[in-house]
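Colleague: I am new to reading models like this one, and I would love a close look at a single part. Could you start from one residue and work outwards to what surrounds it?

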Amino acid sequence: MKKIIALALSAVMMLSMFTACSSEPTVDTNSKSADIVVIGAGGAGMSAAIQAVQNGATNVVIVEKTGMAGGNTTRSTGGLNASETTFQERDKIEDSNQLFIDDTMKGGKNINNPELVKYMAENSAEALYWVNDMGADLTVVGLFGGASVKRIHRPSDTSAVGPVLVKTLLSVVEKNNIPVLYNTKAEEIITDANGAVSGVKVTDAEGTYTINCKAVIIATGGFGANSEMVEKLNPNLKGFGTTNVAAATGDGITMGTAIGAATVDMEQIQTHPTVHPETQTMYTEAVRGNGAIIVNKEGARFTNEMGTRDVVSAAILEQTDGQAWLIFDEAVRKSLKAIEGYISAGIVFQSETIEGLAAEIGADPATLSATMAKFADDVKAGNADEFGRAGLELPLTEANFYACMVAPAIHHTMGGLKINTAAEVLNEEGNAIAGLFAAGEVTGGVHGANRLGGNAVTDIVVFGKAAGASACDYVAANGGHTEATIVVEKVEETVKPEVEANFKDGTYTAVGTGIGGDVEVIAEVKDGEIVSITLGQHGETEGIFEGAVDGVIPEIIKGQTTEVDTVSGATITSNAIIEAVEDIMDQAA
Ligand SMILES: Cc1cc2nc3c(=O)[nH]c(=O)nc-3n(C[C@H](O)[C@H](O)[C@H](O)COP(=O)(O)OP(=O)(O)OC[C@H]3O[C@@H](n4cnc5c(N)ncnc54)[C@H](O)[C@@H]3O)c2cc1C
């Protein structure tokens with residue numbers, strides 16, 4: 001029997017052992033079938049697969065054309081918009097589902113599909129709790145452009161939302177033994193004589209074959225990296241850069257329309273206003289949300305930085321060279337971890353004084369100083385400023401001062417396959433195509449003419465869940481769920497020390513302080529090196545501590561050091577392990 005091993009790049013940990021394992025789905029090409037095939041292992045695809053399994057699906061497979069899960073979702077920086085949440089209540093933020101709907105419709109210039117927007121808003125809090133229950137830790141509430149109140153929920157350590165979300169979803173996918181067939185590109189959706197979905201033709205390193213199935217969930221993301229498609233739909237965007245991953249080529253739209261799916265709002269393509277023109281690094285809107293301003297090359301402000309992306313992008317394009325500077329101070333830097341990444345990437349100018357910064361960036365020192373002084377006065381007065389920006393908190397007076405060159409780039413494709421609130425894909429007549437579901441950026445209608453920051457993450461989780469639930473129901477009603485034939489084989493791989501050490505051989509035990517009290521850590525030293533680290537008794541949260549085990553322990557073993565990064569979303573458990581290993585290293589010195 002021929003077997004194809006699809007390599008999964010992610011390492012998973014079994015139990016609480018240090019030993020890393022890789023998930024290696026094994027495809028028996030003689031059977032090649034599943035009940036549900038999810039195309040794309042981004043945020044929408046993984047949410048859909050997990051929800052389907054949680055609702056009782058037993059034979060779900062994800063095909064992913066690249067070698068790793070995440071897609072554009074990994075790049076998302078801000079957070080997840082949700083209304084009427086306990087975190088908003090904790091922070092005394094007055095929000096409502098209706099206000100969320102109103103903001104989204106206004107931001108989308110009222111061409112959004114109101115039913116989809118209503119469904120997204122009303123299910124946003126539940127989606128947030130769902131990802132948090134799985135370990136995402138999106139508990140800090142902030143303000144993003146186009147939102148009337150603080151609504152974006154972000155990781156508690158202010159890190160970017162995408163990696164946290166992808167890691168969380170992927171760990172649940174793996175825990176549920178949902179096979180992800182990496183480097184496997186969906187080429188075509190097959191239908192039967194009645195037009196119902198019956199399979200997906202895929203290509204991997206071994207060739208092209210069909211996975212027969214009852215339902216398909218298209219979750220292939222947008223087409224922001226397909227310049228040909230972008231330019232055809234909007235010639236004004238010719239030559240623009242993109243913030244998107246190379247895989248965002250609109251494959252799902254091509255495959256869906258080929259079997260009769262309707263599309264909506266295809267020409268609605270969003271540019272992000274603050275992208276570094278040379279490296280295409282996107283400066284998250286949180287930099288502005290936390291207080292940064294934008295000035296032109298002469299050093300003057302020209303817009304409300306918290307306006308919607310289309311408005312801010314257009315305003316920048318009217319300035320000299322179609323570029324501008326994002327300016328902030330030390331207080332903003334301290335408020336946002338993402339800024340450290342931009343600084344270490346070497347794309348931020350800095351100076352101890354505003355005049356010095358002006359000299360660095362070639363702006364007029366007097367103009368920039370006057371701009372900053374006026375801004376500080378407005379903040380101190382507590383009034384909306386001359387551009388209508390309100391709710392300002394930081395006067396931008398704390399040295400050092402920073403500047404980042406920005407210009408708009410292609411960021412989000414609002415249009416895509418037409419769906420209803422059950423995530424069923426509709427044909428030109430408005431009828432559901434039997435067995436075909438879609439979620440995420442591949443769909444259209446949720447964001448209208450302009451997506452608000454934080455709404456895409458909500459979209460992919462809310463409609464990913466809807467697609468998974470609907471596909472599960474569809475399979476139950478059309479032949480029923482069957483046993484999986486594409487299964488995940490867990491292959492243990494021992495993590496080995498990569499540097500020499502000189503500890504005393506033996507088995508040592510120590511404790512660190514975790515979120516649930518003491519975390520017992522047991523380490524074995526052999527030939528002078530720590531070769532295994534295992535968790536003993538602990539009260540850490542299921543679904544979270546595994547992240548710390550996966551992330552921290554292999555790095556300690558490889559480097560024979562506790563100078564390792566903690567894992568976002570599992571920081572306290574990470575520190576508990578590090579604390580205990582430091583004690584063990586002292587014992588074994
Ligand atoms: C730099 C950046 C920052 C962002 N920040 C935010 C933010 O702060 N807040 C917010 O709400 N939104 C943000 N977004 C938008 C948001 O991240 C995306 O809209 C969203 O993550 C899309 O999720 P998805 O699951 O639909 O697609 P993706 O996450 O892109 O996943 C699609 C997957 O499908 C795979 N695929 C594609 N074609 C095929 C095929 N033929 N066969 C098999 N697999 C295929 C891809 O490889 C990919 O893994 C940001 C986007 C970018 C680029």
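Why does Leu317 count as partly exposed?

Modeller: Happy to walk you through it. Leu317 counts as partly exposed because it has 16 C-beta neighbours inside 10 Å. The cut-offs are these: a residue with 20 or more other C-beta atoms within 10 Å of its own is buried, one with 12 or fewer is exposed, and anything in between is partly exposed, with the C-beta atoms placed from the backbone.

Two notes before we go on. This is a predicted model, so local features need pLDDT of at least 70 and side-chain atom pairs count only at pLDDT 80 or more, while totals for chains, interfaces and linings use all residues. Residues are numbered from 1 along each chain as its sequence is written.

Now find Leu317 on the structure: it belongs to helix α10, which covers residues 309-317. Helices here are DSSP runs of H or I with at least four residues, strands are runs of E with at least two, and both are numbered from the N terminus. Leu317 touches Gly322 and Pro408, leaving aside residues up to four places away in sequence. Touching, or contact, asks that the two C-beta atoms, placed from the backbone, lie within 7 Å. Another residue to look for is Ala407: it is 90 residues from Leu317 in sequence, yet the two sit 7.5 Å apart in space, C-alpha to C-alpha.

Next, look at the rest of the helix. In α10, the residues Arg309, Val312, Ser313, Ala315 and Ile316 are buried. Viewed down the axis of α10, these buried residues fall within an arc of 160 degrees, so they line one face of the helix. That arc is taken from the directions that run from the helix axis to the C-beta atoms. What do they pack against? The buried residues of α10 meet three strands: β15 (269-275), β17 (324-329) and β19 (401-413).

Let us pause at β17. Six of its six residues are buried, so this strand is mostly covered. Ala324, Leu326 and Phe328 point one way, Trp325, Ile327 and Asp329 point the other way, and all of them are buried.

β17 also has partners. Strands pair when DSSP finds at least two bridges between them. With β16 (residues 293-295), β17 pairs in the antiparallel sense over three bridges, and here Val295 stands opposite Trp325. With β19, β17 shares six bridges, again running antiparallel. One of the residues there is Asp329, whose bridge partner in β19 is Phe401.

For practice, try another residue. Thr74 sits in the loop between β5 (60-63) and β6 (80-81). Thr74 counts as partly exposed because it has 19 C-beta neighbours inside 10 Å. Not counting residues up to four places away in sequence, Thr74 touches Gly162, Pro163 and Val166. Thr74 and Val166 are 92 residues apart in sequence, but 6.2 Å apart in space, C-alpha to C-alpha.

To gather the threads: Leu317 is a partly exposed residue of α10, and the buried residues of that helix pack against β15, β17 and β19.
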